[in-house]
Amino acid sequence: MPTYTVSDLMRHKATQEIIAVDPLATVLEAAQVMSTRGIGAVLIRNSRGAVDGIFTERDVLKRIVAEKRDPATTRVADVMSGNVRHVPPSTTVEQALQLMVTHRYRHLLVQDGATVVGLISIRDVMTLLIEPEMAMAPEGRFGHMRSRTEEAVRMLQGKKGG
């Protein structure tokens with residue numbers, strides 16, 4: 001399996017832009033942005049453009065629904081996850097996946113020095129690992145996906161045991 005970097009992954013993502021909301025936005029507003037864009041997380045950026053946190057589908061479940069908060073009045077800054085884990089674009093996809101699995105993250109911020117260049121999800125990583133680089137006949141797709149999945153599982157098992 002070729003070695004891909006987070007930079008390679010970002011070039012192939014469906015959503016290239018960084019989608020963020022203001023910390024004073026309500027959870028309802030953030031959820032509407034996520035739903036409209038078909039994404040599972042938004043960054044929370046302050047007035048200076050710095051990333052203060054991330055708001056995810058998991059935050060909706062744990063901090064809104066489970067706590068019976070009103071999404072129309074709860075500010076996203078009050079329920080976001082702070083201290084967003086980040087990686088440089090040169091990180092290998094395997095390293096990013098290991099970090100996500102080990103720490104149970106579904107998203108990683110991608111930063112080149114102090115500059116935010118993107119956000120990747122575990123779905124983005126799995127898509128890159130499983131989908132072929134070139135088109136193939138439909139009858140070969142299942143076998144290819146199975147092979148790539150088995151390679152990813154072996155790689156993760158090797159990292160866990162070592």
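Val-93, Glu-94, Leu-97, Met-100 and Val-101 in helix 4 meet residues of helix 5, namely Ile-122, Val-125, Met-126, Leu-128 and Leu-129, where contact means heavy atoms within 4.5 Å and helices are DSSP runs (H or I, at least four residues; strands are E, at least two) numbered from the N terminus. This is a predicted model, in which local features need pLDDT of at least 70 and side-chain atom pairs count only at pLDDT 80 or more, while totals for chains, interfaces and linings use all residues. Residues are numbered from 1 along each chain as its sequence is written, and side-chain values use heavy atoms, with hydrogens and water left out.

**Helix 4 and helix 5**

- The residues of this contact divide into nine nonpolar, no polar and one charged.
- The axes of the two helices, which are lines fitted to C-alpha atoms over the stretch in contact, come within 10 Å and cross at roughly 140°.

**The cores**

- The largest nonpolar core, a set of buried Ala, Val, Leu, Ile, Met, Phe, Trp, Tyr and Cys residues joined through side-chain atoms within 4.5 Å, has 18 residues; buried means under 20% relative accessible area with a 1.4 Å probe, protein chains only.
- Helix 1 (6–12), helix 4 (93–103), strand 6 (107–112), helix 5 (122–130) and helix 6 (138–161) each supply at least two residues of this core, and the largest share, five residues, comes from helix 4.
- A second, separate core of 14 residues includes Ile-19, Val-27, Ala-30 and Val-79.

**Val-93**

- Leaving aside neighbours within four places in sequence, Val-93 is in contact with residues including Tyr-4, Val-6, Leu-9 and Val-125.

Methods:
Buried < 20%, exposed > 50% of the residue type's maximum accessible area, 1.4 Å probe, protein only. Axes fitted to C-alpha atoms, helices over the stretch in contact; angles between N-to-C directions. Nonpolar A, V, L, I, M, F, W, Y, C, P; charged D, E, K, R; others polar.
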